[in-house]
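The following paragraphs lead through the structure shown here, beginning where two chains meet and then turning to each chain by itself.

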Amino acid sequence: MSILTIENLRKDYGRVQALRGVSFSVPGGCVFGILGPNGSGKTTLLGIIMDILKPTSGTYKLFDEVPDKTHRRRIGTFLETPNFYHYLSGEKNLAISAAYKQRGAEDIPRVLEMVNLTQRKDSRFSTYSLGMKQRLAIASCLLGDPDVLILDEPTNGLDPVGIAETRELIKKLRQQGKTIIMASHLLDEVEKVCTHVAILKKGELVATGNVDEILANEDIVEIGAMPNTRLEEVAKQMNGYSSMKLNDGHLQLFYPVGTANVENINRHFFEHDIVLNHLQLKKKSLESKFFELTN
Amino acid sequence: MVRLLEIEWLKVKNYAAFTVLGLFFLLGILGANYAVFYTKKNVIDKADPTGLIASASPYDFSHTWQTTSYVSGFLLLLPGLLLILLITNEFTFRTHRQNIIDGINRQDFINVKILMALIAAVVATISVMIVALIFGFASATSFSLDRFESVGYFFLKAISYNMIALLFAVLVRKTGFAIGLFFIYMGFENILSAILQGLSMKFKADYNFDIGNMGDYLPMNASDGLLHFPENTITNMANNSKIMPHDYMLVSFLLALLYLFVFFIWSKNRVIKTDL
């Protein structure tokens, strides 16, 4: 069963095209990352799915059905900002959320404990720090133990401990078989927690699929020698690399992650009478991968 | 819908402005009518023993429904203000989005607000009835339902004010702007109404063309125009002089209903069809 299917979704704000015909589907049981730089249309997309925004054209389905409020009740959603009544306590705010969801009222102490807000449950929401507001929003998503969660940049504004805890929580939820749809502009975050990814760029879908395939990483071994005329010829006699290219007088050899053996490479060239004066193992940076995908 | 109202109650019961404005309004109705009652009894009657200004007490049982409705009508700004606060709060806190995300649809969201506007009008009307009874009996007259239709007009005025407040709230969304606009619009309509009344009198005098007081045909003034202070010697003199245009109550009444319908459709469309 597909949790979410979107077809040719478009959203125009006057002349600005926030979404330009995006289609993909989210299978059950996965952690689905929607990745893209700021302004790429992630929140617009999730806003349409939650009936907060009206699409210019296109359709979407939740649980393979035409969506209505009962589907939204089955999904714990945190969209963009923590939205609560400032003058009410954290606990009373959760009671209101539970009343709308028609589930999870008995669950309030448990979710408050999960996000470490039990001690502050009687304080007004307006007195909470940014991180606490964020955690209350995540607690609200967990009310009634929903099978699907939609989290829009859930770690935004959290301190490093909060970020680590949130990622741990997402992993734990995934182990319980829950489906999580998560928007993020942090490639590293998507890579750490997601199984599937859709990459958005200026409202267009650049790529979608398994994280391993889309964000496949490579190790790069950079070698150099003086003179470097025979480098390429000798390198071709090795095996295990996937491709090579000359860059700035150095030769770059690309290997699947974890398979580059620098020692063997060094020995190979030495045995062919080449003494390397430059040998460096580089991990391809995630940022450069991100730029490659979105530029 | 009852469940949604219960949730609205969870939102307002700890909201200080709700308690304060609510109390102000209820005590205001009692206080304003007491002020008129007291002034009539202890000031005007002593200064005017001939009864030229008011032959009968405005709070005896042939007038109390009308007087209380008219006097209390000025306080209907308060429930309007409260509704603007409650609705713009949702936009400020972005909880209008969260409510829908959590599991209601856009229709539910606006319908329960309209229902609240209606309930506020009903509560105001019941308060007016109780106050009218108190001063009616205080005037030592026997119970009668003369001019009880004024209470109905009061209800119409209350729901009109509440709905226009609701409309401004969903159109403008920002608390300060919405309240400002509500007051500015009311001032503007009253000025326009005075100009139109002058024009109506001129038409009648110059061309013998009487289409009633056009000032009473504006959105807020239509329901205002249904409520008057009970007639006395002075108003009778003005009416008999035939300077004033004829008071077409039915036209005002139907226009008030029409405007109400427009506020209703407009505010619903705004919430249902646009981005939130």
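**The interface and the chains that form it**

In this predicted model, 21 residues of chain B are in contact with 26 residues of chain A. On the chain B side of this interface, helix 1 (2-12) and helix 5 (95-102) each supply at least two of the residues that touch chain A, and it is helix 5 of chain B that gives the largest share, with seven residues. Sorted by class, the side of chain B that touches chain A is made up of eight nonpolar, seven polar and six charged residues.

One helix pair across the interface can be followed in detail. Helix 3 of chain A, which covers residues 90-101, packs with helix 1 of chain B at an angle of about 170°, and the axes of these two helices are 10 Å apart. Because angles over 145 degrees count as roughly antiparallel, helix 3 of chain A and helix 1 of chain B are roughly antiparallel to each other. From helix 3 of chain A, the residues that make this contact are A:K92, A:A95, A:I96, A:A99 and A:Y100, while helix 1 of chain B brings B:I7, B:L10 and B:K11. By class, the contact of these two helices has six nonpolar and two charged residues, with no polar residue, whereas the side of chain B that touches chain A, taken as a whole, does include polar residues, seven of them.

Turning to chain B by itself, its secondary structure consists of eleven helices and zero strands, so that, read from the N terminus on, the order of its elements is α-α-α-α-α-α-α-α-α-α-α. The radius of gyration of chain B is 21 Å, close to the 19 Å that the globule rule gives for 276 residues, and chain B is therefore as compact as a globular protein of that length. Along the principal axes of chain B, its C-alpha trace spans about 65 × 50 × 30 Å. Of the 276 residues in chain B, 38% count as buried. Among the contacts in chain B with a separation of 6 or more, 84% are accounted for by residues 24 or more positions apart.

For chain A, the domain assignment gives two stretches, domain 1 (2-214) and domain 2 (218-294). The centres of domain 1 and domain 2 of chain A, taken over C-alpha atoms, are separated by 41 Å.

Note on methods. Residues are numbered from 1 along each chain as its sequence is written. Chains are lettered from A and ligands numbered from 1 in the order in which they are written. This is a predicted model: local features need pLDDT of at least 70, side-chain atom pairs count only at pLDDT 80 or more; totals for chains, interfaces and linings use all residues. Helices (H or I, at least four residues) and strands (E, at least two) are DSSP runs, numbered from the N terminus. The radius of gyration is taken over C-alpha atoms; the globule rule is 2.2 Å times the number of residues to the power 0.38. A residue is buried if 20 or more other C-beta atoms lie within 10 Å of its own, exposed if 12 or fewer, and partly exposed in between; C-beta atoms are placed from the backbone. Two residues are in contact if their C-beta atoms, placed from the backbone, lie within 7 Å. Ala, Val, Leu, Ile, Met, Phe, Trp, Tyr, Cys and Pro count as nonpolar, Asp, Glu, Lys and Arg as charged, and the others, Gly among them, as polar. Axes are lines fitted to C-alpha atoms, for helices over the stretch in contact, and angles run from 0 to 180 degrees between N-to-C directions. Angles under 35 degrees count as roughly parallel, over 145 as roughly antiparallel, 65 to 115 as roughly perpendicular and the rest as oblique. Domain bounds come from an automatic or database domain assignment.
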